[in-house]
Each structure stands twice: as structure tokens, then as C-alpha cells.
Amino acid sequence: MKTTIMTMAVLIASLLVADFANAQSNRDLQYFTNPDKTGLNQFESPFTTDIEFDGLNVRIGGANTLQFQGITHDNDAGDLPELENNFNLATSNLDFDVQLDRGLRMHLRTYLSSQHHPEAWVKGGYIQVDRLDFIAEDFMGELMDNLRFKVGHMQLNYGDAHFRRTDNGAAIHNPFVGNYIMDSFTTEVAGEVYIYGDAFFGMLGLSNGKLNQSTMESNSSVTFYTKLGYDKQFDNDLRFRLTGSFLASGESMSQYLYSGDRAGSRYYNVMDDGFTSGRFDPGYTISRFSPVGPVAGEMTAIMINPFVKFGGLEFFGLFETTSGQLTSENEDRSYNQYGAEVLYRFGADEDIYLGTRYNLVDGSDTDQEISRFNIGGGWFLTDNVLTKVEYVTQSFSGDGFTGTKYAGGEFNGLMIEAVISF
């Protein structure tokens with residue numbers, strides 16, 4: 001009897017695996033950015049598609065990264081802990097992308113392993129609406145040729161840098177190992193409306209301004225954000241894109257635009273900064289966990305991003321200005337961020353690239369300056385496997401850091417990263 005039960009269980013399991021494998025053999029979804037080399041430089045999910053809807057399609061994917069870090073750091077006080085050359089904690093994501101109907105898609109991402117959290121937890125997800133056929137066939141079809149709706153507990157589409165950033169295990173679209181110093185990333189309950197036609201597009205978004213969702217009364221404010229862009233492929237060799245983004249939030253306890261990433265940075269333990277090491281947050285709110293907190297604040301931010309690709313040569317730029325203040329402060333504090341990436345991709349399928357990135361954050365009214373320089377390259381072994389090597393150096397200067405561990409602070413060294421994404 002036991003043998004019969006075991007045989008039946010193995011048979012059922014085999015049938016389920018076969019059915020799953022068959023379903024996963026069709027991994028093409030509508031209006032979807034592939035999480036591999038083929039998704040490089042797609043930015044927003046494609047606004048057009050030639051993929052036909054053929055019933056419910058569940059795409060299970062994931063991403064895994066591992067770095068070898070050989071970085072040293074120092075400051076004027078000489079009180080930073082020693083770092084050794086060794087491997088960082090591997091990080092992993094699990095993704096569910098589901099084609100629910102024609103032009104109706106769901107995304108859900110779970111962090112399985114991250115620097116900051118030992119447990120698995122859901123980053124967020126959204127539903128994206130490009131057609132309204134779930135109401136009636138070709139319902140408002142002409143209007144939906146130029147519209148998209150996106151709703152969820154999701155990453156806000158502010159700026160273009162977040163399309164090239166490392167999102168925990170998802171690092172294959174980032175040509176370098178780390179993200180920008182002021183890493184604009186937050187997940188909030190939000191809704192976005194897109195309108196597009198030819199090369200121009202625009203987006204309007206509203207969020208509830210909360211990173212951690214709760215129905216308890218709190219001092220939070222709706223966040224308004226918008227983006228205007230131009231993106232055109234002139235011929236096989238030349239593409240040009242230019243976008244401008246604006247974000248504003250009133251007095252709130254939830255100004256998390258530069259501190260919303262709870263997964264952690266890629267430069268581990270530098271400047272003894274915990275999971276945010278190497279980054280800078282202007283601090284327009286003070287958390288309830290602070291000895292002096294909580295304190296609310298308000299902020300506005302503007303980001304401009306040009307992108308040019310000519311043959312194998314690629315340029316991505318960033319200019320950002322942000323200002324705000326705590327309710328306990330009398331005047332705004334403002335910071336500017338500058339970034340420039342130059343890459344050259346070569347090989348039969350541009351599988352190899354070399355490049356450099358410069359990143360500067362300047363707080364003119366606080367006399368604080370942070371600069372970072374990266375140089376390195378990568379090799380796509382396959383569309384799903386990437387190896388990167390880079391040299392990074394970062395320094396802190398200005399009287400605004402006097403009396404802190406950042407006075408005279410700097411770190412530099414070698415990073416090697418392996419990425420699998422599918």
C-alpha cells in the first residue's frame with residue numbers, strides 16, 4: 001500500500017513539474033521589461049507590444065548576486081573598524097509576473113535574502129493596465145492606445161536612475177556595483193497615469209506618502225510626482241532620451257525618498273554606516289527610533305536625466321536638486337547631485353563593456369561635499385549571467401562634517417560582482 005501511495009505521489013509530482021515547465025517555456029509577457037540583458041536601457045515598460053494574449057501566463061523569475069569586496073576606509077579620527085577582503089552576503093529576489101488578461105499584468109517582488117533583513121519579505125507589487133479588454137473586447141481601444149494605468153504598493157517612477165540601480169538581488173541592469181550616493185528609491189501605495197504618443201510621454205502620480213502602511217492616524221502627507229520625457233530611436237545606431245521629474249511632499253513623518261531602500265547598499269560596512277553604507281540622506285524627517293525623534297519635515301525634488309546611445313557608446317547623466325526642512329528648522333536645506341556614466345559596449349552582441357561613473361553630492365548651505373568615482377567593466381557570459389569588476393573611491397569633505405566620523409573620511413578599493421537574473 002505504501003509503495004502504491006509513493007508511486008502515485010511521484011507520478012502526480014512529475015505531472016505538476018511537467019505542467020509548470022511547459023507553462024514556463026512561454027515566458028513572453030505583454031508590455032514587460034525582461035530582467036536580463038535584453039531589458040537593458042528599456043526604462044519604463046514598453047508602451048507597445050507584438051505579443052498576443054493566449055490565456056493566463058505566470059512567469060516565475062528571480063535574481064541572485066554575490067560580491068567580493070576589497071575596500072579600505074579611513075577618517076581623521078582613525079576610529080573606524082578594520083575591514084578585510086572577503087565575500088559579502090549573497091542577495092536574492094523572487095519575482096512573480098502574471099499576464100492576467102490582454103494588456104493586464106501583475107508584478108510582485110519578494111526579497112529572499114538582503115543585507116538588512118535576515119527574513120524573506122515582500123518588497124511590493126503593482127497591477128499595470130494597458131488595455132481594458134477585461135471590461136469588454138477593445139473597450140475604449142483608441143483611448144488606451146495612448147494611456148497606461150499603474151496602481152500598487154510600488155516603487156515610485158521618479159527620475160530615471162532607478163531603472164539602472166541595483167534592487168537587492170536585481171543588479172543586471174546596473175553597469176556598476178553601487179547605486180548613486182543620494183539613492184532616490186521608495187515604495188509607497190501609489191497610482192500613476194501615463195500618456196504617450198510617438199516619442200513624447202508624460203506621467204502623473206500620487207502616493208499616500210507612507211513607506212510602512214498603517215491605518216493609525218499619523219502626520220503624513222500625499223506625495224505628488226510627475227515626469228515628462230522624450231525618447232526616440234532615430235536609426236539602428238542612434239537613440240536619444242531626455243526626461244525631467246518633479247516630486248513634492250508636504251509636512252510629513254515619511255520623507256523616505258533617499259532612505260526608502262530597506263535592502264541595503266552594495267559597499268558593506270564602509271564608514272561604519274550599517275546597511276546604508278556609502279549613501280547620503282538629507283534627513284528631511286527624523287525617525288521615531290531616533291533619540292531626539294520623531295520630527296516631521298517637507299521636501300521637493302527635481303531630477304533631469306539625459307541618455308544617448310550611439311553604436312556601442314552610451315552616456316547616462318543625472319542632475320538633481322532637492323530642498324526641504326524639518327519642522328524644527330527655520331530655513332530650507334538644499335543639496336545638488338550630479339552624475340555621469342560613460343560606457344562602451346563591444347563584442348558581437350555587445351556582451352562586454354568598459355565604463356566610468358562620476359557622482360557628486362554638494363550641500364552648499366551646509367558645506368558638505370561627497371564625491372565618488374567608479375571605473376570598471378562587465379562581461380555577459382549569457383543573457384542571464386553577468387560578471388562585473390570595478391575600482392571605487394569615495395571621499396567626504398567640508399566643514400559640515402566637522403566633529404563627525406565623516407571628517408576626512410574616504411574609502412576605496414576593488415569590487416567583483418556576479419549576477420544571475422532570469
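This report describes strand pairing and the two largest pockets in a predicted model.

**Strand pairing**

Strand β6 (residues 147-155) pairs with two strands described here. Strand β5 (residues 121-129) runs antiparallel to β6 and is joined to it by 5 bridges. Within this pairing, Gly 152 of β6 has Tyr 126 opposite it. Strand β7 (residues 187-197) is likewise antiparallel to β6, and 9 bridges connect the two. One of the residue pairs here is formed by Lys 150 and Glu 192, the latter lying in β7.

**Pockets**

The largest pocket encloses about 1,300 Å³ of space. Its lining comprises 40 residues, and those closest to the centre are Tyr 256, Ser 259, Asp 281, Thr 285 and Ser 287.

The second largest pocket has a volume of about 620 Å³. Among its 26 lining residues, Glu 44, Ser 45, Pro 46, Phe 47 and Thr 48 are nearest the centre. Strands also contribute to this lining: β7, β8 (200-207), β9 (223-233) and β10 (238-252) each provide at least two residues. The greatest contribution comes from β9, with 3 residues. Strand β7 thus appears in two settings, as a partner of β6 and as a contributor to the lining of the second largest pocket.

The composition of each lining by residue class is given below.

| Pocket | Nonpolar | Polar | Charged |
|---|---|---|---|
| Largest pocket | 15 residues | 15 residues | 10 residues |
| Second largest pocket | 11 residues | 7 residues | 8 residues |

In the largest pocket, nonpolar and polar residues each number 15. In the second largest pocket, the lining holds 11 nonpolar residues alongside 7 polar and 8 charged ones.

Conventions. Residues numbered from 1 in each chain as written. Predicted model: local features only at pLDDT ≥ 70, side-chain atom pairs only at ≥ 80, totals over all residues. Heavy atoms only, no water. Pairing = 2+ DSSP bridges. Helix = DSSP H or I, 4+ residues; strand = E, 2+ residues; numbered from the N terminus. 1 Å grid on protein atoms, 1.4 Å probe; cavity = no way out; pocket = protein on both sides within 12 Å on 5 of 7 lines; lining within 4 Å. Points joined across faces, edges and corners; volume = space filled by probe spheres on them. Nonpolar A, V, L, I, M, F, W, Y, C, P; charged D, E, K, R; others polar.
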